[in-house]
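Visitor: Please show me the structure, and then explain the words you use for it.

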Number of protein chains: 2
Amino acid sequence: MKLSDAKLKFIDSWGSFGTHWGINRTMAQIHALLLISPDPMSQDDIMEQLSVSRGNVNMNIRELIDWGLVERTSIPGERKEFFIAEKDIWKVATTIIKERKRRELDPMLKLMDQLAAVEGDKKDKEVKQFIETMNGIKRFGNQADKMLDVLVKAEESWFVGTLMKFFK
Amino acid sequence: MKLSDAKLKFIDSWGSFGTHWGINRTMAQIHALLLISPDPMSQDDIMEQLSVSRGNVNMNIRELIDWGLVERTSIPGERKEFFIAEKDIWKVATTIIKERKRRELDPMLKLMDQLAAVEGDKKDKEVKQFIETMNGIKRFGNQADKMLDVLVKAEESWFVGTLMKFFK
DNA sequence: CTGAATTTTCAAATAATATTGAAAGCAGGA
DNA sequence: TCCTGCTTTCAATATTATTTGAAAATTCAG
């Protein structure tokens with residue numbers, strides 16, 4: 001397969017992969033494009049490569065920066081802004097985990113805490129099942145939370161070396 | 001908070017939580033409803049509680065069964081089918097992990113294998129960065145894959161007891 | 001300060017996705 | 001077999017999410 005085809009295929013797949021995980025297609029595609037680009041790219045470069053509008057690129061780049069996956073950079077002599085992606089996949093993954101945990105898991109667990117305090121007769125099977133479900137989610141969520149914290153803080157080398165050996 | 005309010009809140013939140021993870025709102029809501037229901041529910045029960053159409057309930061229930069999160073059951077004397085959700089959150093989570101791994105991670109890694117074999121001069125920085133990115137994703141993906149396999153096979157008690165202690 | 005280059009915003013248009021509901025399908029009882 | 005109650009399908013419709021593009025804002029060199 002030629003590089004140009006492989007690039008297209010990768011960008012396309014990373015895009016659909018993203019949509020299955022609640023990330024919009026263009027954002028994932030821009031990320032893919034920057035991941036495989038050895039040099040910084042401008043908004044115009046991205047617009048051209050992906051055939052999307054300036055506004056779209058602008059918004060999604062901002063989002064990527066917000067997530068900590070992309071950063072602005074400048075090229076001496078150029079007026080435009082350029083962008084570059086974090087290339088270390090381990091860092092990419094831990095960044096995403098950290099952000100999603102903060103944005104979604106943490107608030108969810110907070111809510112479960114409130115809901116587990118529902119009033120009502122704990123002998124009533126409706127009430128009982130509800131509380132049990134909330135507690136189950138809380139328990140699991142807190143475990144996941146702790147585990148992800150450790151994972152995110154761990155160095156890749158430590159993680160791979162020690163944990164993998166431990167695991168089998 | 002009253003049980004009725006808490007239920008609504010939970011169903012609603014589980015629904016939006018789902019949409020952030022590539023799961024459709026109604027499917028997540030049906031799952032939520034069944035999770036907190038101590039008794040099996042029929043399609044009609046679900047339609048009524050969530051105010052959605054029969055077709056919608058039917059399709060999403062099928063999907064949930066497909067995922068292994070819900071199963072059909074019957075109530076003696078009743079002609080209708082009833083449905084019940086797996087209540088053990090640990091099992092729910094490992095089922096979801098297993099399925100998503102199979103449906104998304106595994107195919108992605110297979111693709112990366114193909115793409116990493118791109119033809120072209122490995123001295124060329126475009127080719128080099130592309131291959132490095134593919135390899136990075138593969139390496140990470142394979143680790144995640146192995147780790148998730150262990151996780152999915154592990155018993156909750158073992159996992160919590162041993163791994164958590166290890167993790168500190 | 002001026003104006004050209006660049007970036008940002010956001011209402012409107014478009015595209016993608018989910019939902020409805022009526023018709024078709026199916027299973028069991030009489 | 002035919003009827004009845006229930007389930008499934010799917011084209012039409014509605015909803016939600018994404019994208020566009022032109023105007024406004026910003027930046028910066030001269």
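Guide: The questions below deal with two domains and a DNA strand.

Guide: This is a predicted model, in which local features need pLDDT of at least 70 and side-chain atom pairs count only at pLDDT 80 or more, while totals for chains, interfaces and linings use all residues. Residues are numbered from 1 along each chain as its sequence is written, chains are lettered from A and ligands numbered from 1 in the order in which they are written, and side-chain values use heavy atoms, with hydrogens and water left out.

Visitor: How do you know where the domains of chain A lie?

Guide: Domain bounds come from an automatic or database domain assignment. For chain A this gives domain 1 (3-85) and domain 2 (89-167). Their centres, taken over C-alpha atoms, are 31 Å apart.

Visitor: What makes residues of the two domains count as being in contact?

Guide: Contact means heavy atoms within 4.5 Å. Eight residues of domain 1 of chain A meet this limit with six residues of domain 2 of chain A.

Visitor: How many salt bridges are there between domain 1 and domain 2 of chain A?

Guide: A salt bridge needs a side-chain nitrogen of Lys or Arg within 4 Å of a carboxyl oxygen of Asp or Glu. The count between these two domains is zero.

Visitor: Which residues are closest to DNA strand D, and what makes a residue near?

Guide: A residue is near a strand if one of its heavy atoms lies within 4 Å of it. By that rule 18 residues surround DNA strand D, and the closest are A:T26, A:S53, A:R79, B:N58 and B:R62. Of the strand's atoms within 4 Å of the protein, 60% belong to sugar or phosphate and the rest to bases.

Visitor: Why is the pair formed by A:R79 and a base oxygen of DNA strand D called a polar contact?

Guide: A polar contact is a pair of N or O atoms within 3.5 Å; within protein, one must be able to donate a hydrogen and the other to accept it, and residues adjacent in sequence count only if both atoms are side-chain atoms. An N or O atom in the side chain of A:R79 is 2.7 Å from a base oxygen of DNA strand D, so the pair falls within the 3.5 Å limit. A:N56 has a side-chain N or O atom 3.2 Å from a phosphate oxygen of the strand. For B:E81, a backbone N or O atom lies 2.9 Å from a phosphate oxygen of DNA strand D.
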